[in-house]
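Work through the exercises below with the model open. Try each task before reading its solution.

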Amino acid sequence: MKKKILVTGGTGYIGSHTAVELIGDGFEVVIIDNLHNSEADVVDRIHQITGVKPHLEIFDICNKESLDSFFTANKDISAVIHFAAYKAVGESVRKPLEYYQNNLGSLINLLGAMKEAGIPGLVFSSSCTVYGQPEELPVNEQSPLQPAESPYGNTKQIGEQIIRDTTRAVSTIKAIALRYFNPIGAHPSALIGELPRGVPENLVPYITQTAYGLRDELKVFGDDFNTPDGYCIRDYLHVVDLAKAHVVAVKRLIEGKNKSDFEMFNLGTGIGVSVLEAIKSFERATGVKVNYKVTDRRPGDIEKIWADPSLANRELGWKTLSSLDEAMLTAWNWEKKIRSNKG
Ligand code: NAD
Ligand code: WQD
């Protein structure tokens, strides 16, 4: 019998890639998504890639009644991966209540329903945003958390606290928080990828849209930072590598290999890359020039951050395999595919 995994937010960017990897590893995948930031046909694309169409339930996880009746009908779920959340940092500053309501309300409902239904394992999408601007680099899991820069970031810090308290109080629930650094790229099939609505906030979708001609120029937010070339530094990892970490985390919980009731792992490459290096990587990988202009700094931007992923390397046996250039090429192939209207 295949083990059944609930993937909330499974038609979204990281969730859809994770569904592909789970199916490839022999799991049955059930998705809950309200399609706030994704399309229902993603399950057909997952089908095209894997030969299996995951079951999709379309509802809002903040709706407790819907969630409870889902769990009543699906008591055989072995673990939950909780991606469903709003994720736009700038929007969260303008709409804090919506972010707290959605990101924390959904998590609280989910933990309550898991407790009632006796579902044992939770993998939670956390973020490097919880570290703010760290004093020492690279950051490891013991690095102190800084006050969140945005309501979005705060939902990840509070989300981790809610899970910690719940795993202490509810002996049946074990959890793993995965702190992602900067996921980029798309599945090599170019059938699934990131679908930013409107003007992208993140660097790589902005690069690909500019390269495609949808945007006149990429605004690079500052070149006078205290870094070797003056540009901000991040740790960009390929979304397929990131997706694979979720399969490992789920297995760790199912097999009871977790070393405490609530574990957390950094997921990154361990390599800091500047904005300029990221642009050069895209140009090298695709042969397409990016029209960019250096402008003012973006308020609240972290100057530099990259992961110490050694705990995940050691404990999960996971590490990133794709290079930055490979990830950039998949991001470009995805951009071309969605714009060609054939995808
Ligand atoms: P995404 O927006 O592509 O996917 C999230 C999915 O959740 C969407 O399909 C959306 O429709 C769904 N959703 C949101 N609220 C819901 C609700 N109340 N009920 C049901 N479905 C709901 O985002 P993503 O980039 O795939 O991110 C997944 C998770 O990873 C999020 O929790 C995000 O905060 C976290 N994360 C993302 C990044 C990143 O850079 N993409 C980095 C760190 C952490
Ligand atoms: C990367 C670099 C920008 C756009 C955000 C969230 C974080 C996490 C990942 C979810 C920075 C520069 C960007 C542009 C630019 N998400 N940039 N021009 O800021 O590291 O993190 O996504 O948890 O919480 O804050 O990612 O892609 O926005 O920026 O120069 O048009 O690219 O200044 O140095 P960031 P990003």
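**Exercise 1. A strand and its neighbours**

Which residue in S5 does Val 80 stand opposite? Place Val 80 in its sheet, then judge how enclosed its strand is.

Solution. The model is predicted.

Step 1. Start with the pairing on one side. Strand S1 (residues 4–8) runs parallel to S4, and five bridges join the two. Leu 6 has Val 80 of S4 as its bridge partner.

Step 2. Turn to S5. S4 pairs with S5 too, in the parallel sense, over four bridges. Here Val 80 stands opposite Leu 122. Val 80 thus appears in both pairings, with Leu 6 and with Leu 122.

Step 3. Check burial. A residue is buried when its relative accessible area is under 20%. Strand S4 covers residues 77–82, and six of its six residues are buried, so the strand is largely enclosed by the rest of the structure.

**Exercise 2. The chain as a whole**

How many helices and strands does the chain have? Decide how compact the chain is.

Solution.

Step 1. Count the elements. There are 11 helices and 13 strands.

Step 2. Compare with the globule rule. For 343 residues the rule gives 20 Å; the chain has a radius of gyration of 19 Å, close to that value, so it is as compact as a globular protein of that length.

Step 3. Add the extents. The C-alpha trace spans about 55 × 45 × 40 Å along its principal axes.

Step 4. Add burial. Of the 343 residues, 53% are buried.

**Exercise 3. The surroundings of ligand 1**

Which residues come nearest to ligand 1? Describe the shell and its polar contacts.

Solution.

Step 1. List the neighbours. The shell holds 26 residues, and Asp 33, Asn 37, Ser 38, Asn 102 and Tyr 152 come nearest.

Step 2. Find the polar contacts; the cut-off is 3.5 Å between N or O atoms. The side chain of Asp 33 places an N or O atom 2.6 Å from an oxygen atom of ligand 1. Asn 102 has a polar side-chain atom 2.7 Å from a nitrogen atom of the ligand. Gly 12 takes part through its backbone: one of its polar backbone atoms is 3.4 Å from a ligand oxygen.

Step 3. Gauge the cover. On its own, ligand 1 has 820 Å² of accessible area, and the protein covers 95% of this.

Step 4. Trace the shell to its elements. Helix H1 (13–24), strand S5 (121–127) and helix H6 (151–169) each give two or more residues. S5 has the largest share, with three residues.

Step 5. Sort by class. The shell has 11 nonpolar, 11 polar and four charged residues.

**Exercise 4. The surroundings of ligand 2**

How many residues surround ligand 2? Repeat the analysis for this site.

Solution.

Step 1. List the neighbours. 19 residues surround the ligand; Ser 127, Tyr 152, Lys 219, Arg 234 and Asp 301 are the closest.

Step 2. Find the polar contacts. A polar side-chain atom of Ser 127 sits 2.7 Å from a ligand oxygen. Two backbones also contribute. A polar backbone atom of Leu 203 is 2.8 Å from an oxygen atom of ligand 2, and one of Lys 219 is 2.7 Å from a nitrogen atom.

Step 3. Gauge the cover. Ligand 2 alone exposes 680 Å², of which the protein buries 88%.

Step 4. Trace the shell. Helix H7 (203–212) and strand S8 (218–221) each supply at least two residues. S8 gives the largest share, four residues.

Step 5. Sort by class. The shell divides into 10 nonpolar, four polar and five charged residues.

Notes. Residues are numbered from 1 along each chain as its sequence is written. Chains are lettered from A and ligands numbered from 1 in the order in which they are written. This is a predicted model: local features need pLDDT of at least 70, side-chain atom pairs count only at pLDDT 80 or more; totals for chains, interfaces and linings use all residues. Side-chain values use heavy atoms; hydrogens and water are left out. A residue is near a molecule or strand if one of its heavy atoms lies within 4 Å of it. A polar contact is a pair of N or O atoms within 3.5 Å; within protein, one must be able to donate a hydrogen and the other to accept it, and residues adjacent in sequence count only if both atoms are side-chain atoms. Accessible areas come from the Shrake-Rupley method with a 1.4 Å probe; for residues, only the protein chains shown count as cover. Ala, Val, Leu, Ile, Met, Phe, Trp, Tyr, Cys and Pro count as nonpolar, Asp, Glu, Lys and Arg as charged, and the others, Gly among them, as polar. Buried means under 20% relative accessible area, exposed over 50%, partly exposed in between (1.4 Å probe, protein chains only). Two strands pair if DSSP finds at least two bridges between them. The radius of gyration is taken over C-alpha atoms; the globule rule is 2.2 Å times the number of residues to the power 0.38.
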